[in-house]
Structures are given as structure tokens and as C-alpha cells.
Amino acid sequence: MRSTQRGPSEAELLAALPVAVLVVDPEDRVERANAEAETLLNLSERAMRGQTVAELLGVADAETRRAGHAFAAFDIELEMRGGVRIRVDLVEAAVVDQPGWRTITLHHAAASRRLGVSGDRAAAARAAVGAAAMLAHEIKNPLSSIRGAAQLIADGASPDELTGLVITEVDRIAALIDHMEDFTDTRPREVTPLNIYPLLAHARGVALAGFARDIPIEERYDPSLPPVLGNRDALLQVVLNLLKNAAAALGERGERRITLTTAYRHGITVATGKGRERVALPIELCVIDTGPGAPDDIADHLFDPFVSGRPEGKGLGLALVDKLVRDMGGIVQYAREGQPHHTVFRLLLPRAA
């Protein structure tokens with residue numbers, strides 16, 4: 001027997017949403033605002049109603065924002081009543097079947113998360129402490145093995161039996177130093193127009209032949225994606241690092257799947273550099289996995305050096321990803337999205353002219 005219980009109205013659904021939402025009419029004036037928006041902006045719906053988006057939020061006018069497409073801006077600063085300043089991610093989209101009407105969602109951008117880059121002194125101190133601890137641990141162990149081998153040789157053991165151990169442990173130290181050099185390399189990288197799909201095919205093939213040989217890697221691509229402006233070697237290293245990270249996060253139980261997606265996002269801009277100049281980053285590449293995601297206590301610091309959610313992790317992989325992507329003029333973000341939640345690492349990259 002069909003239930004006769006009334007479902008929630010549009011107003012009730014809007015009020016229940018856990019994210020700040022503004023409903024904007026065809027004249028670019030605020031018509032509705034939910035409770036989350038009132039809390040975030042420190043204004044009542046009545047005070048916001050009738051104001052244009054430019055007046056309320058200080059963002060670009062409607063013609064500039066829309067241009068026939070959705071619009072998004074990350075890490076923008078808003079000045080609220082009383083001089084309070086907040087930073088938000090803003091996403092504007094059309095309302096289906098309602099020409100001219102738009103919704104604007106506002107997500108508070110915590111200072112510790114801004115574009116995956118932490119600039120405060122606490123983060124710097126945490127990185128320095130982490131570096132010292134990691135280097136002490138990673139170098140002390142092979143040195144202890146080398147010293148033990150040397151002692152055995154001095155006590156009369158056959159060098160032939162211990163030479164391989166010494167070489168292996170020295171190689172471990174050298175590999176660690178090489179990894180650190182990659183992370184601290186500040187030389188500018190040459191960027192050129194790239195067709196991203198041969199690169200993704202190569203990275204996927206490497207993964208399936210090695211560290212992800214027993215994990216399905218699905219592809220969901222936009223076939224009309226234009227060339228990206230990037231560095232091939234750096235972008236390949238980024239994708240491989242993210243695939244390795246995803247494979248390690250899946251464990252051995254439950255659903256195990258990695259998905260690569262691409263999309264073209266009209267209107268995506270971010271503020272970069274000291275002058276906070278906004279640049280377009282319309283090309284999106286996502287590495288998605290069905291793992292549990294990062295622990296809550298480190299989710300805001302995943303891209304800081306020496307932060308890892310795994311006991312065996314060194315905390316350099318995602319920090320290197322962040323550095324390489326920024327070197328190419330893009331950004332990388334971490335999120336938990338979908339139902340059920342999946343882990344998403346999203347690259348936003350510039351388009352080649």
C-alpha cells in the first residue's frame with residue numbers, strides 16, 4: 001500500500017541543507033537564503049533578500065560570472081558585517097527548468113586547508129619536527145645494519161655474505177636522499193601543451209602491472225578535453241603518486257576500486273601568488289578510491305610534509321604532489337564525496353592557449 005505521508009517541501013529541503021545556499025533570481029538578486037547562509041554571512045535572510053550578489057558578496061557581476069556557464073571561485077575573501085573577513089569556496093549553478101535562476105553554495109575555507117597549502121608558523125614547526133624525526137628513523141635503521149655487518153666482518157665473518165646487506169642499506173639511504181632532493185628542487189619546470197590521455201594510459205598501465213595489479217582502475221573521461229598546460233614528467237609522477245596512495249588506502253577487504261576521471265569546468269578560477277591574481281584552471285583530473293579516507297585529525301594537513309595516515313608512511317608523497325602541481329600553476333585538493341563516501345584527489349590545471 002502506497003504511503004500517503006507528505007514529503008518535504010522545497011523550503012524545508014533548503015532549510016535542512018548542511019551547506020550555505022543562496023537562491024538568486026534572473027536579475028541577480030538574492031531571493032532565498034537558508035539558515036546555514038545566515039550563520040556563515042552573519043545576516044538574516046530578510047537583510048539579504050533583494051541585494052545583488054555583487055553587493056552582498058563583492059564578487060564579479062552576473063554577466064562576468066555566468067557567460068552561459070556554471071561558475072566557481074576558490075579561496076575568495078568576503079568582508080561581512082562588523083568588518084569580519086571570511087574565506088570561502090563559491091560555486092554557482094543554474095536551476096534546472098527555471099531559466100535565469102541560480103543557486104550559490106558557499107563553503108567555508110579554513111585557513112589550515114586553503115588550497116592544500118599551510119602557511120602558518122605552526123605548520124612550519126610541525127614540518128621541521130617531522131623532518132627531524134623521519135630522518136632520524138629512516139637513516140638510523142640502515143646505519144645500524146651497516147655497523148652490524150662491519151662488526152661481523154671484523155669478528156671474522158665472510159665479507160661475501162654481508163656485502164649484499166651493506167649495498168642494500170646504502171641504497172635505502174640514497175633513495176631517501178633522492179626523494180628529499182625531488183621535494184626541495186626549486187628550479188622552474190618547463191610547461192608545454194599536453195594531451196593528457198596518453199599520459200593517463202601510461203600511468204594506468206604501470207599501476208596495473210605493479211602496485212595495483214589486483215585492483216580495477218576504471219576510466220571516466222571527457223572525450224573533448226583540450227590540451228593541458230603542464231610538464232609531462234611532473235604530471236606523470238603526480239598521477240603515479242596518487243594511484244599508489246589510492247592502492248595503499250584500499251587495504252585487502254571490502255570494495256576495492258580506483259577511478260580516473262577528467263572534466264572541463266567552465267568558470268573555475270583561483271587566487272594565486274602574492275597579488276592574489278585570479279587564474280583560470282578549467283581542466284579537472286580526479287583520482288578516486290573506495291577506501292576509508294584520511295583520519296579526521298590530519299585531513300586538513302595531508303599536503304604538509306611528513307604528515308601521513310599510515311604507520312609506514314613517510315609523509316612526502318602528497319607533499320611532493322602538491323609542490324609539482326603548484327609548479328605547473330595548478331592546485332590539488334582532497335575531499336570525501338558521494339554516497340557512500342569515496343576519497344577524491346582533484347587536480348585543477350590550466351588549459352594550454
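This briefing covers the fold, the strand pairing, the nonpolar cores and the salt bridges of one protein chain. The model is predicted. The chain has 353 residues, of which 43% are buried, and its secondary structure comes to 10 helices and 14 strands. A five-stranded open sheet, with helices α8 and α9 against it, is described first.

**Whole chain**

- The exposed area of the protein chain is about 19400 Å², and 54% of that area comes from carbon and sulfur atoms.
- Of the contacts between residues at least 6 apart in sequence, 62% join residues at least 24 apart.

**The open sheet and its helices**

- The sheet holds 5 strands in the order β7-β9-β12-β14-β13, and its pairing is mixed.
- Its edge strands, each pairing on one side only, are β7 (217-220) and β13 (331-337).
- From one strand to the next, the twist averages 20°.
- Within this sheet, β9 (residues 258-264) and β12 (residues 283-289) are antiparallel and share 7 bridges.
- Thr 261 has Cys 286 in β12 as its bridge partner.
- Helix α8 (residues 196-209) lies across β7, β9 and β12, and runs at about 165° to β7.
- Helix α9 (residues 232-250) also packs on the sheet, where it touches β9, β12 and β14 (342-349). The direction of α9 makes about 25° with that of β12.

**Pairing around strand β5**

- Strand β5 (residues 102-108) pairs with β1 (residues 20-24) in the antiparallel sense, over 5 bridges.
- In that pairing, Leu 22 stands opposite Ile 104 of β5.
- Strand β4 (residues 85-94) also runs antiparallel to β5, joined to it by 7 bridges.
- Ala 94 has Arg 102 in β5 as its bridge partner.
- As background, strands of a sheet pair through backbone hydrogen bonds, in either a parallel or an antiparallel sense.

**Nonpolar cores**

- The largest nonpolar core has 43 residues. Those with the most contacts inside it are Ile 196, Leu 235, Leu 242, Leu 243, Ile 258, Leu 302 and Leu 347.
- At least two residues of this core come from each of α8, α9, β9, β12, α10, β13 and β14.
- Helix α9 gives the most, with 11 residues.
- Another core lies apart from this one and has 22 residues, including Val 30, Leu 41, Met 48 and Ile 76.

**Salt bridges**

- The whole structure contains 12 salt bridges. In general, side chains of opposite charge can pair when their charged atoms come close.
- Arg 32 pairs with Glu 45, with the closest N and O atoms 3.0 Å apart. This salt bridge links distant parts of the chain: Arg 32 belongs to strand β2 (residues 30-33) and Glu 45 to helix α3 (residues 45-48), 13 residues apart.
- Arg 32 is partly exposed at 30% relative accessible area. Glu 45 counts as buried because its relative accessibility is 17%, and the limit for buried is under 20%.
- Arg 257 pairs with Glu 218, and here the closest N and O atoms are 3.6 Å apart. Arg 257 lies in the loop between α9 and β9, while Glu 218 lies in strand β7, so this salt bridge ties together parts that are 39 residues apart in sequence.
- Arg 257 is buried, at 16% relative accessible area, whereas Glu 218 is partly exposed, at 30%.
- Asp 322 pairs with Arg 326, with the closest N and O atoms 3.0 Å apart. Both residues lie in helix α10 (residues 317-327), at a separation of 4 residues, or about one turn of the helix.
- Asp 322 is buried, with 2% relative accessible area, and Arg 326 is partly exposed, with 42%.
- Glu 218, Arg 220, Glu 255 and Arg 257 are joined into one network by salt bridges that share partners.

Technical notes:
Residues are numbered from 1 along each chain as its sequence is written. This is a predicted model: local features need pLDDT of at least 70, side-chain atom pairs count only at pLDDT 80 or more; totals for chains, interfaces and linings use all residues. Side-chain values use heavy atoms; hydrogens and water are left out. Two strands pair if DSSP finds at least two bridges between them. Axes are lines fitted to C-alpha atoms, for helices over the stretch in contact, and angles run from 0 to 180 degrees between N-to-C directions. Contact means heavy atoms within 4.5 Å. A salt bridge is a side-chain nitrogen of Lys or Arg within 4 Å of a carboxyl oxygen of Asp or Glu. Buried means under 20% relative accessible area, exposed over 50%, partly exposed in between (1.4 Å probe, protein chains only). Accessible areas come from the Shrake-Rupley method with a 1.4 Å probe; for residues, only the protein chains shown count as cover. A nonpolar core is a set of buried Ala, Val, Leu, Ile, Met, Phe, Trp, Tyr and Cys residues joined through side-chain atoms within 4.5 Å.
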